[in-house]
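Welcome! Please take a look at the model below, and then read on for a short tour of its core and its helix packing.

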Amino acid sequence: MSHSATAPAPTTEPPKPNGLEGVVAASTELSHVFGEEGRLVYRGYDIHELAGKASFEEVAHLLWVGTLPNRAELADLKEKFGANRILPDAVIDGLRALPENANPMDALRTGVSLVGAVETGLFDDEPDLDEAIALAARFPAILATFFRLRQGKEPVPGRADLNTAQNYLYQLFGTEPEERHWKPLETYLVLLMDHGLNASTFTARVIASTDSDLSSALTGAVGALKGPAHGGAPAKVLDMLNAIGTVDNVDAWLTNALDTGERLMGFGHRVYKAEDPRAEILRGMAETASTPEFFALSKTTEDRALALLDERKPGRRLYTNVEFYSAAVLAAVGLPGDMFPPTFAVARAVGWSAHVLEQVAHNRLIRPQSEYIGVTDKTFTPIADR
Ligand code: ACO
């Protein structure tokens, strides 16, 4: 027997796709990203059919149940959302214990996990529609509670008479939300609700496939969304735009960033090889919602970034993604940058839970294999000899 450490013999198989690119890992009727065409479809509806026309609750019903609701179904869903906006004291106490400089994504992840641990009666069974509504309604309540506690303010209990977008703003700021704020927020939430098998949705489905509970699946999904390659980018877009400062500085700033190997936040996408349709809708909203100065800075930065990326990365087809104009829209609504990623999660909680329901309805444990590239024939050396 050989004592040398040798690598496995090379195989003739084609290389495995890096980052599972192009690999189909689930079947879904919920949404699809047509990457080459730059189209997004929710259960058969192009996103342009829904954005600005359908409410958060209507689109949530579409994803969870499969159809747009009739009036009675919508009233019932709104009532259930309204009844699920109160957090147990133990969850509020847990959020109170966090340092005020905690990342709101960490606070959200902790809050979702706490809800699962505290409200065991609600989230212990196999995930179902009522659990999905209950947990999705708790997302904005958790965030708004943390947002107020970190400013030394007491939480504002949720209101059953408001819709999700209105109530989120009400719980955050404690005042009656204005239509010029809640309407763009609602459209943003509809646009971000689902997006095929993105990294956080895949995470939720993997967790659900082990017969775990809904709170665990969505806790894991929040963790996956946190990274800047996924949902963590819009805060960094705002940082980038603030660092650029003025339209005159755009070219020098972007050139220097690319010269030093930085990635431009809000550009590029694993699936879209054309403009992200959500970016197109959000650009129009940003023009209306943000100040003319901020929109001019955003638009000049976008135009110059696209030209520079085309020049520096020819053939990579890097376009504006959803995160770029999300920053302008969410800032105009009154949210600080670090609340952008968890506000994305308020929307995606619906998509994640819809995927969990779909996964459990046809479940098979998701358990892929790795390609072992290590050695196979080492022998043990006792500690005294090492
Ligand atoms: N700025 C500069 N270069 C970029 C950018 C960018 N934003 N995005 C991709 N590239 C370059 C890469 O450097 C690479 O160049 P190379 O081939 O010379 O090495 C090439 O384009 C391909 O990049 P990959 O990393 O292979 O592309 P991938 O599909 O893995 O990445 C991602 C997609 C992570 C979104 C990437 O475009 C990126 O980091 N963008 C900036 C962060 C961002 O905006 N994230 C939000 C994504 S949207 C969402 O998840 C909701």
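What follows covers the main nonpolar core and then two pairs of packed helices.

Please keep in mind that this is a predicted model. Its largest nonpolar core has 104 residues. Those with the most contacts inside this core are Tyr-42, Trp-64, Phe-139, Leu-185, Leu-218 and Trp-352. Helix H7 (residues 129-149) gives the largest share, 13 residues. Domain 1 (31-226 + 337-361) and domain 2 (233-332) both contribute residues, so the core lies between them.

Trp-352 is a good place to zoom in. Leaving aside residues up to four places away in sequence, Trp-352 touches Phe-139, Ser-200, Thr-201, Ala-204, Leu-218, Ala-221, Val-222, Leu-225 and Ala-345.

Now for the helices. Two packed helices are described by the angle between their axes and the distance between the axes. Here are both pairs side by side:

| Helix pair | Angle between axes | Distance between axes |
|---|---|---|
| H7 and H11 (residues 214-225) | about 40 degrees | 11 Å |
| H2 (residues 56-65) and H3 (residues 71-83) | about 100 degrees | 10 Å |

With that angle, H2 is roughly perpendicular to H3. On the H2 side, Phe-56, Glu-57, Glu-58, His-61 and Trp-64 meet Glu-73, Leu-74, Leu-77, Lys-78 and Phe-81 of H3.

H7 and H11, in turn, are oblique to each other, and their crossing is right-handed. Glu-131, Ala-132, Leu-135 and Phe-139 of H7 make this contact with Leu-214, Ser-215, Leu-218 and Val-222 of H11.

Technical notes:
Residues numbered from 1 in each chain as written. Predicted model: local features only at pLDDT ≥ 70, side-chain atom pairs only at ≥ 80, totals over all residues. Heavy atoms only, no water. Core = buried A, V, L, I, M, F, W, Y, C linked by side-chain atoms within 4.5 Å. Buried < 20%, exposed > 50% of the residue type's maximum accessible area, 1.4 Å probe, protein only. Helix = DSSP H or I, 4+ residues; strand = E, 2+ residues; numbered from the N terminus. Domains from an automatic or database assignment. Contact = heavy atoms within 4.5 Å. Axes fitted to C-alpha atoms, helices over the stretch in contact; angles between N-to-C directions. Parallel < 35°, antiparallel > 145°, perpendicular 65-115°, else oblique. Left-handed = near helix turned anticlockwise from the far one by under 90°.
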